[in-house]
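Work through the exercises below with the model open. Try each task before you read its solution.

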Amino acid sequence: MHNKEAIRLVLCQSSANYRRPGTFENKMTYPLPPFSTVIGAVHKACGYTETHEMDVSIQGRYGSMNRRVYRDYNFLNSTFDDRGILVKMTNENMLSTAFVKVAEAKKQGSSFEKNTDIKVYDQELLAEYQDLKRKGREVQILKSEKLKPELERLKEEKKKLAGQRKQLDKSSLEFARWKEAEEDIREKIAETEKRFSEYEKNVFSIPYSRFRVLTTSIKQYELLSDVELIIHIMAEDRRTMEEIYENVYNITSLGRSEDFVEVKEAVWVTLSSCEEELESEYPAYLAMENVRKQKVLTKDKGMSRQVIGTKYAIPKLYTIGENGQRIFDKKKVLYASGYVISDIEEEDGIYVDWLDDRKYYIVNFV
């Protein structure tokens, strides 16, 4: 087996949540950061805007896992008048979720518009909301009493012209005049609809859309404490490796934005083959293929048996789908501790990073 060059990172975090997808009421965490999280943090640190291929080995441990309670805010699809918390979005283009509380419904049957059974936080914004509700009704009255009859009149006139035009000779001058008159009515219809639509948007729809209703609920998230990570990174492109090494101290967080990282060590290392049986010190993500091939085993009373752990499908790299969503390539791994390696071959992606004659890291590239 040939030796490989890699970069070893030793990172510490006082706390972290590496959120598992599909968990909502209790935001569960992976025991170690996913490959995509590490690769994404490296790309951000290096300022990459395009994907740079790399393999990573992730191992580590944490001191404890706790559950924290938090208040979750959910915006409703419609602005209901009788429930939740009425808020006004502070970003005019709705590009952020920042808001100002306006009022809160106290019980079923409350009404923000009628100011009944509500707790008011901002009287001025509540008055603005109530005024918009009134304008909304006025717009609907205008639509039914003026716009609709006017459009019906124009459409009926257009229908009569079309019927009369069909009786004329297509090559005659009179046919051309009737057709022009019909086109003028069509333009009047379009212009009338456009003017009303712009009026409705400016007077009601756009201002009203800035008011939203949200509900709150109590949820939990898992939090790892005293996290220690040993990450090895390897890329075929030498320049990519050099850029990673130059920018690793720009990695600020892993997991959530508040899960800050302290880079304790960043060094070039030479990984060697495994010619003896070695036992891991740290839990790690192991490629399921190597588990099935029994390249990694568990020692139990001097006997080797299949390693036991937790199976995950961990995201690594992604492509952009037709709808703009990220489609991740997920790697099947086993999260395990206390495993041993032996009989390793080149294609297994398992190496040893020797620190000295006795201390080492087992490196599992996935």
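Four exercises follow, each with a worked solution.

This is a predicted model: local features need pLDDT of at least 70, side-chain atom pairs count only at pLDDT 80 or more, and totals for chains, interfaces and linings use all residues. Residues are numbered from 1 along each chain as its sequence is written, and side-chain values use heavy atoms, with hydrogens and water left out.

**Exercise 1. The whole chain**

Task: Compare the radius of gyration of the protein chain with that of a compact globule of 366 residues.

Solution:
- Take the radius over C-alpha atoms; the globule rule is 2.2 Å times the number of residues to the power 0.38.
- For 366 residues, a compact globule would come near 21 Å, but this chain has 33 Å.
- Now look at the box along the principal axes: the C-alpha atoms fill roughly 100 × 65 × 40 Å.
- Count the elements: the chain has five helices and 18 strands. Helices (H or I, at least four residues) and strands (E, at least two) are DSSP runs, numbered from the N terminus.

**Exercise 2. Helix H3**

Task: Check the span of helix H3, residues 173–209, and find its kink.

Solution:
- The expected span is 1.5 Å times one less than the number of residues.
- For the 37 residues of H3, that gives 54 Å.
- The end C-alpha atoms of H3 lie 51 Å apart, which agrees.
- H3 has a kink of about 50 degrees, centred on lysine 201. The bend is the angle between axes fitted to the seven residues ending at a residue and the seven starting there.
- Buried residues (under 20% relative accessible area, 1.4 Å probe, protein chains only) of H3 include Ile185, Ile189, Thr192 and Phe196.
- An α-helix has 3.6 residues a turn, so residues three or four places apart point the same way.
- The buried residues of H3 pack against helix H2 (123–165) and strand E8 (211–234).

**Exercise 3. Methionine 234**

Task: Is methionine 234 buried or exposed? Which residues is methionine 234 in contact with, beyond four places in sequence?

Solution:
- Place methionine 234 first: it lies in strand E8.
- Its relative accessible area is 12%, so methionine 234 is buried.
- Contact means heavy atoms within 4.5 Å.
- Methionine 234 touches Lys4, Glu5, Ala6, Met54, Asp55, Met241 and Phe365.
- Methionine 54 is 180 residues away in sequence, yet 5.7 Å away in space, C-alpha to C-alpha.

**Exercise 4. Distant contacts**

Task: What share of the contacts with a separation of 6 or more joins residues 24 or more positions apart?

Solution:
- Such pairs account for 70% of those contacts in the protein chain.
- For burial, 42% of the 366 residues count as buried.

Terms used: Buried means under 20% relative accessible area, exposed over 50%, partly exposed in between (1.4 Å probe, protein chains only).
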